[in-house]
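Q: Please take a close look at one buried spot in this model and at what lies around it. Then follow the chains outward from there.

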Amino acid sequence: MKSLKYTTALILLFIFTNCEKVVEIDVPSIPPKLIIDAAFEVNFDEFPVTANTVVKLRLSADYFDTSIPTVTNATVFLTNLSNNSVINFNDLDQDGNYVPDVAFLPQSQVTYELTVIYNGETYKGEAMRVKSTPLTNVEQGDETLFSGEETQLKIEFTDDGTVDNYYLFDFSNNLFLAIEDRFFNGSDYNFSFFYDEDEITLPTTVTVKMSGITQEYFTYWRVLIDQSGQNAGGPFETIPASLVGNIVNTTNSDNFPLGYFHISETDSYQINLVEKN
Amino acid sequence: MLVLFSVMSLLSFSQQKFTLSGTVYDNSSNETLIGVSVYFPELKVGTTTNEYGFYSITVPQGEYQIQISYLGYYSLSEKISLTANTTKNFKLIEETESLDEIIIETNIEKLNIRTPQMSVNKLSAKTIKSIPVVLGEADIIKSIILLPGVTSAGEGASGFNVRGGAADQNLILLDEAIVFNSSHLFGFFSVFNPDVIKDVQLYKGGIPARYGGRLSSVLDIYQKEGNSKDFNVTGGIGLVSSRLLVEGPLEKEKSSFLIGGRSSYAHLFLPLFDNDNTAYFYDLNSKINFRINERNNLFLSTYFGKDVFGISDNFVNDYGNAVVNLRWNHLFSDKLFSNLSLIYSDYFYGLTLDFVGFEWDSGITNFNLKYDFKHYLSDNFKLSYGINNIYSKFNPGQIIPNRPSSGIVAEKLTDKYANEFAAYIEAEHKVSDRLRFQYGLRFSNFLRLGQDELNVYANDQPVIYNAQLRKYESATRTGVETFDRSDVISSFNNFEPRLSTSYIIDDETSIKASYNRMVQYLHLLSNTASPTPLDVWTPSGRYIKPQILDQFAVGYFKTLKEGKYSLELEGFFKDIQNRIDYINGANLVANNEIETVILNGQARAYGLEVLLKKNEGSLTGWLAYTLSRSEQQTLGRTPNEPGINQGRWYSSPFDKTHDISINASYDLNKKWSFNANFLFQTGQPTNYPVGQYEIQGLNVPIFNDNTRNADRLPAYHRLDLSATLTPRKNKDRKWQGEWVFGLYNVYGRMNAASINFRQNRETLRNEAIQTSIFGLVPAVTYNFKF
């Protein structure tokens with residue numbers, strides 16, 4: 001229900017967007033932190049079912065640095081805690097993206113432990129595959145929101161009424177939305193997402209991804225989206241704070257990593273967006 | 001308490017004294033005047049009229065030349081032979097009326113120096129109207145920000161901060177009724193129609209025992225009663241809104257009515273977009289006043305105000321206050337004044353988001369009964385006492401589908417109920433010509449009443465600390481308790497002592513000191529730099545404790561050059577227990593388990609205020625400077641927990657080290673007058689990122705938890721000018737017109753409302769984006785009266 005707050009702030013922003021300017025700011029800096037971005041996606045609605053299981057290792061950089069360093073010399077492996085089998089990950093392309101030695105499909109009801117060893121310190125996190133539901137329909141609408149220049153995307157799916165669900169939507173172009181089913185538990189739910197004029201160039205093709213996520217990952221993304229500046233601004237902005245994921249440095253807990261280990265079920269939908277009046 | 005009564009009985013033995021009492025009115029409108037000084041120069045004693053224009057003073061039998069004086073009015077000097085208890089009403093003539101030949105020195109500052117009350121600022125409707133403001137809308141809240149110790153989070157930020165306190169710690173009273181939302185358009189304009197305002201007082205410290213329920217300040221606003229002599233229309237046409245006020249007698253000099261309206265123009269700001277949209281606000285004030293007889297007065301007043309935004313049918317947002325207030329003034333005797341108030345007040349917030357498919361509303365409703373007595377026992381002893389009971393219902397929110405196809409399932413967050421009772425007694429005691437005291441005690445009792453479901457947590461801990469991930473997390477409730485509405489879930493009792501004293505060094509100099517304890521049982525859930533209309537109030541209870549403040553203040557007061565100038569120096573220290581803060585990533589909106597994101601902490605603020613005023617002459621105004629610090633600390637509950645900011649003190653979001661304001665008004669001649677303000681405030685505390693990383697391709701700034709609010713926005717400063725033109729022809733006609741030309745932010749400084757960090761979509765470079773709200777804004781307003 002964060003949307004409640006955003007819309008209030010949005011009006012303000014909308015009235016005064018022309019009063020924005022880029023300024024030079026001296027920002028403080030900290031020693032680099034290890035970033036572990038391990039969001040596995042199981043494409044459960046495809047046949048055959050495939051999975052995207054990349055572990056991206058990076059280092060944090062100063063805010064205005066133009067590049068983010070990759071970590072290519074780490075040891076990465078995944079342990080299936082139900083049978084203690086181990087899958088090794090390797091950075092084949094030396095780009096910080098570690099892929100499993102053998103094709104691997106995360107199973108339901110199994111806890112996986114991700115281990116990263118870097119600079120003599122060991123980092124561990126656990127995840128279990130989170131169920132999701134397929135997208136029933138994605139289509140372009142012709143309504144607009146504030147400026148009259150937005151592109152409407154209508155999303156439809158059926159929520160599972162037996163459990164609390166949390167979803168992460170990836171609308172391409174680094175546009176994300178995290179929602180919970182608290183207010184539509186068990187219903188055929190439909191809502192609209194609006195691309196701003198500067199977020200998209202029509203005509204184009206976008207991929208909409210919907211993932212089932214844990215409650216903790218939902219909270220994580222809610223804050224992540226907030227702090228990435230997508231919705232920030234004005235006196236209604238919340239006080240930013242550090243965003244801790246679910247991975248622990250077991251060697252030196254003070255040197256905690258950032259990032260998250262998560263396994264979701266994901267459904268994708270590709271759609272062509274065209275110019276409308 | 002015993003001491004008080006023994007003092008009272010002692011006093012009643014005094015001999016040969018008589019009481020002079022009555023009411024002081026404005027000569028032309030018959031409005032009662034608040035704070036008029038009634039002074040006996042021979043005895044060097046005096047009193048001031050109360051909120052209803054009433055005064056009472058008991059002095060030895062004799063002949064006196066008494067002085068009645070009031071700022072902006074010609075003083076009155078009258079010979080009185082006091083040989084019995086006497087009722088005498090006075091009528092004062094406003095200085096603006098054409099009586100150029102008579103010039104009597106206004107001399108009201110003298111009493112201010114004597115009274116133990118300190119840390120109070122007064123603004124007249126006239127001053128408020130002459131202060132230049134953005135878009136020409138005269139504004140109480142924007143005016144008080146020019147006073148020492150008062151700041152705001154900037155343009156477009158609602159509320160105000162007093163002596164480093166939060167915006168929810170201000171008690172805003174409109175004719176004794178509590179106003180929850182003080183601003184329109186998210187903070188651009190305040191809800192108070194300047195035409196309807198009679199008197200504004202801001203208490204920042206030494207707060208009298210008759211006020212309670214908020215920690216930082218009391219903004220006490222009284223509306224006009226309505227002209228009971230003549231039918232009058234006042235109005236104004238501005239760039240943003242138009243105002244109209246109609247007042248007149250119902251029965252001449254006995255009863256009157258007043259209806260005032262203010263409305264912005266529809267489609268405010270938004271016609272820039274070719275959408276079908278609306279945005280407007282309005283206020284409606286009405287008041288009826290019956291003077292039943294010399295001893296009884298009845299007032300019925302109402303206020304309705306609303307903001308409405310709509311963008312096609314996709315988005316509709318409306319919110320506002322409603323207040324209905326019935327008051328009865330009764331004089332039990334010429335020494336005992338009473339006022340009974342019955343007040344209903346309501347705040348509503350509504351939102352419809354069609355693209356998500358829901359309607360949302362939240363709000364707070366309360367019923368308030370107040371019975372206040374003012375007992376003028378003798379010229380050196382006055383007693384105030386009374387009771388106050390407020391019953392409140394809180395609707396934290398409900399969501400309902402807005403169309404059949406929506407898919408939203410209706411949900412109601414649990415309503416909360418509370419009752420706040422208070423009783424107080426306070427004495428104004430003149431011990432000697434030099435030494436005076438004002439001491440009192442307020443007792444408050446807060447009952448959190450039964451609600452449908454109260455969440456229960458393991459070990460009574462709604463927030464748990466995850467030591468492994470080093471973060472606070474919301475606990476999952478283990479069950480709910482159910483209550484009847486008459487059950488008491490939690491009960492709090494507090495004694496709130498208040499003490500002020502003044503010591504008069506000489507006729508022009510005094511020192512004062514005060515201590516006050518305040519207790520606040522309601523909390524505004526807000527995690528932003530300034531409150532939003534969406535923020536909800538929540539009562540204290542099992543998981544949230546009442547906020548308790550202790551404030552000490554000392555001051556030095558001096559009038560210079562026979563009252564031409566005055567100087568006020570004050571230092572204060574505030575200590576607040578139970579100030580809440582929020583865990584990282586807390587979601588405050590539509591959260592039915594709000595206790596799971598709250599951490600309990602404390603706050604403190606201290607500072608020094610200087611106010612130099614020029615009270616007379618064609619150039620008047622003031623220079624205010626405040627040096628202060630406002631901090632918060634949230635310790636871990638156990639030694640293993642870090643709390644917030646590693647348990648160290650951090651700047652509160654409204655910490656402003658330096659705050660300078662200058663206000664000057666200059667009457668050039670009968671036709672032209674000019675006004676200027678200059679404002680400088682240290683930039684607001686903020687947080688700059690210490691690094692960046694990427695998750696799923698999204699660039700995210702890193703914020704450091706150990707340096708909360710350690711960075712600052714650039715300093716805020718601006719200069720505003722206004723000129724008022726009163727045409728010469730006014731003199732000979734009923735129609736009185738006036739043009740006000742204003743320039744807001746003359747040198748067009750783009751003050752930072754915020755600085756945000758984000759990745760540029762095209763260059764993929766990270767950028768710091770500063771948002772500013774107003775550059776140079778010219779304005780013109782036409783005011784009229786007939």
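A: L243(A) touches Y220(A), V223(A), L224(A) and L258(A), and also Y693(B), leaving aside residues up to four places away in sequence. So the contacts of L243(A) take in both chain A and chain B. This is a predicted model. L243(A) lies in a loop of chain A, between helix 2 (215-227) and strand 16 (248-249). Its relative accessibility is 10%, so L243(A) counts as buried.

Now go back along chain A. V23(A) is 220 residues from L243(A) in sequence. In space, the two C-alpha atoms are 25 Å apart.

Next comes a sheet that both chains build. It is open, has 3 strands and follows the order 1(A)-52(B)-51(B), with antiparallel pairing. Strand 1 (20-23) of chain A and strand 51 (752-759) of chain B are the edge strands, and each pairs on one side only. From one strand to the next, the twist averages 35 degrees. Strand 1 of chain A is joined to strand 52 (residues 766-772) of chain B by 4 bridges, and the two run antiparallel. V22(A) has I769(B) as its bridge partner in strand 52 of chain B.

One more site is in chain B. T302(B) sits in strand 22 (residues 296-311). With 17% relative accessibility, T302(B) counts as buried, because the cut-off is under 20%. The side chain of T302(B) makes a polar contact with the side chain of S286(B), at 2.4 Å. Beyond residues up to four places away in sequence, T302(B) touches L284(B), N285(B), S286(B), V323(B) and V324(B).

How values were computed. Residues are numbered from 1 along each chain as its sequence is written. Chains are lettered from A and ligands numbered from 1 in the order in which they are written. This is a predicted model: local features need pLDDT of at least 70, side-chain atom pairs count only at pLDDT 80 or more; totals for chains, interfaces and linings use all residues. Side-chain values use heavy atoms; hydrogens and water are left out. Buried means under 20% relative accessible area, exposed over 50%, partly exposed in between (1.4 Å probe, protein chains only). A polar contact is a pair of N or O atoms within 3.5 Å; within protein, one must be able to donate a hydrogen and the other to accept it, and residues adjacent in sequence count only if both atoms are side-chain atoms. Contact means heavy atoms within 4.5 Å. Two strands pair if DSSP finds at least two bridges between them. Axes are lines fitted to C-alpha atoms, for helices over the stretch in contact, and angles run from 0 to 180 degrees between N-to-C directions.
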